[in-house]
Amino acid sequence: MTSLIVLAAGEKSAEVTNWAGRIGWVAGLLLFIALVYWLMRQGWKWRGSLQSDLPELPARPSPTTTLNRDGKPPLPGMPESPGEATLSMSGRYHGSTTAGQWLDRIVAHGLGTRSRVELTLTESGLDVVRPGAQDFFVPTAALREARLDKAIAGKVLAEGGLLIVTWVHGDKLIDSGFRSDHAAEHAAWVGAINNLNQNSTTEGAR
């Protein structure tokens with residue numbers, strides 16, 4: 001019995017006093033995490049450089065936030081006023097990808113930055129206000145469609161948990177993913193954006 005107590009005490013002592021091994025293990029783990037983080041940053045920068053041909057995001061003045069880049073004039077073709085709101089919602093912006101390729105993340109011009117978002121839909125287009133990130137505006141003529149989905153690069157939710165808005169910018173077709181604080185609103189947004197796009201296409205064909 002005495003020998004078992006001595007053995008147990010010895011094992012406990014060895015576990016507590018083996019600081020060198022523990023410190024080495026923790027240091028190795030921290031170095032591994034730092035390496036993974038560095039590789040992710042390098043990959044992000046590399047992806048951004050590949051997308052450097054993406055034009056500057058369209059923007060215009062807004063009554064709720066500075067969408068005109070601190071007093072600079074809006075880009076050509078942007079409406080002077082937002083118009084009456086058809087729909088508005090608060091939620092999160094989960095990123096953008098090449099349309100139809102949910103893993104091909106777009107990071108240029110801050111499109112890869114997740115953030116809170118305030119969306120407003122008017123006859124002029126889709127106003128995307130992002131606290132702490134770059135705002136942008138999608139003119140009606142650039143909107144292509146909206147749908148419900150469950151995934152976009154780096155984010156997977158329940159079926160229908162994401163509102164995906166497809167729009168064209170330059171020569172690139174983009175899917176942008178949003179999630180309302182009240183997911184039941186998504187269906188109304190899909191219908192409103194698709195109707196707006198259909199009306200715009202019909203008027204343009206006349």
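## Close-up views of a predicted model

**Figure 1. Arg 147 counts as partly exposed, at 26% relative accessibility.** This is a predicted model, and we start at a residue with two acidic partners. One partner of Arg 147 is Asp 149, and in that salt bridge the closest N and O atoms are 3.3 Å apart. The other is Asp 175, whose side chain meets Arg 147 with 3.2 Å from N to O. Arg 147 belongs to strand E6 (residues 143-149) while Asp 175 belongs to strand E10, so this bridge ties together parts of the chain that are 28 residues apart in sequence. Put the three residues together and you have a network of salt bridges: Arg 147, Asp 149 and Asp 175. How is each acid covered, buried or partly exposed? Asp 149 counts as partly exposed, with 21% relative accessibility. Asp 175 counts as buried because its relative accessibility is just 4%, and the cut-off for buried is under 20%.

**Figure 2. Asp 181 and Arg 116 make a salt bridge.** The idea behind this view is a general one: side chains of opposite charge can pair when their charged atoms come close. Here the closest N and O atoms of Asp 181 and Arg 116 are 2.8 Å apart. Where do the two residues sit along the chain? Asp 181 is in the loop between E10 and helix H3 (186-205), and Arg 116 is in strand E3 (residues 115-122), so the bridge ties together parts that are 65 residues apart in sequence. Asp 181 comes out as partly exposed, at 42% relative accessibility. Arg 116 is partly exposed too, at 35%. For the whole structure, the salt bridge count comes to 3.

**Figure 3. Four rings gather in one aromatic cluster: Tyr 93, Phe 136, Trp 167 and Phe 178.** The structure holds 3 aromatic pairs, and two of the pairs are shown here around Tyr 93. With Phe 136, Tyr 93 forms an edge-to-face pair, 6.4 Å centre to centre with 75° between the planes. That pair links distant parts of the chain: Tyr 93 sits in strand E1 (residues 85-98) and Phe 136 in strand E5 (residues 136-139), 43 residues apart. Both Tyr 93 and Phe 136 are buried. With Phe 178, Tyr 93 forms a tilted pair, at 5.6 Å centre to centre and 55° between the planes. Phe 178 comes from strand E10 (residues 172-180), so to speak across the chain from Tyr 93 in strand E1: the two are 85 residues apart. Tyr 93 and Phe 178 are both buried.

**Figure 4. The charged end of Arg 130 sits over the ring of Tyr 93.** What is the distance from this charged end to the ring centre? For Arg 130 and Tyr 93 the figure is 4.6 Å. Keep in mind that this ring is also the one that pairs with Phe 136 and with Phe 178.

**Figure 5. A nonpolar patch on the surface includes Phe 32.** Which residues make the patch? They are Trp 25, Val 26, Leu 29, Leu 30, Phe 32 and Ile 33, and the patch covers about 640 Å². Phe 32 lies in helix H2 (residues 19-50). Is Phe 32 buried or exposed? Its relative accessibility is 52%, so Phe 32 counts as exposed, the cut-off for that being over 50%.

**Figure 6. His 109 has a positive phi, near 60°.** Why pick out this residue? Most residues other than glycine have a negative phi. His 109 is found in the loop between strand E2 (105-106) and E3. With 31% relative accessibility, His 109 counts as partly exposed.

**Figure 7. The whole chain has 3 helices and 10 strands.** This last panel steps back from the close-ups. Reading from the N terminus, the elements go α-α-β-β-β-β-β-β-β-β-β-β-α. Of the 206 residues in the chain, 34% are buried. Among contacts between residues at least 6 apart in sequence, 58% join residues at least 24 apart. The accessible surface of the chain comes to about 12,100 Å², and 59% of that belongs to carbon and sulfur atoms.

Notes. Residues are numbered from 1 along each chain as its sequence is written. This is a predicted model: local features need pLDDT of at least 70, side-chain atom pairs count only at pLDDT 80 or more; totals for chains, interfaces and linings use all residues. Side-chain values use heavy atoms; hydrogens and water are left out. Rings of Phe, Tyr and Trp (its six-membered ring) pair if their centres lie within 6.5 Å; planes under 30 degrees apart count as stacked, over 60 as edge-to-face and the rest as tilted. Helices (H or I, at least four residues) and strands (E, at least two) are DSSP runs, numbered from the N terminus. Buried means under 20% relative accessible area, exposed over 50%, partly exposed in between (1.4 Å probe, protein chains only). A charge sits over a ring if NZ of Lys or CZ of Arg is within 6 Å of the ring centre and within 35 degrees of the ring normal. Contact means heavy atoms within 4.5 Å. Accessible areas come from the Shrake-Rupley method with a 1.4 Å probe; for residues, only the protein chains shown count as cover. Patches are made of residues with over 30% relative accessible area and no salt bridge: like charges are joined within 9 Å, nonpolar side chains (Val, Leu, Ile, Met, Phe, Trp, Tyr) within 5 Å. A salt bridge is a side-chain nitrogen of Lys or Arg within 4 Å of a carboxyl oxygen of Asp or Glu.
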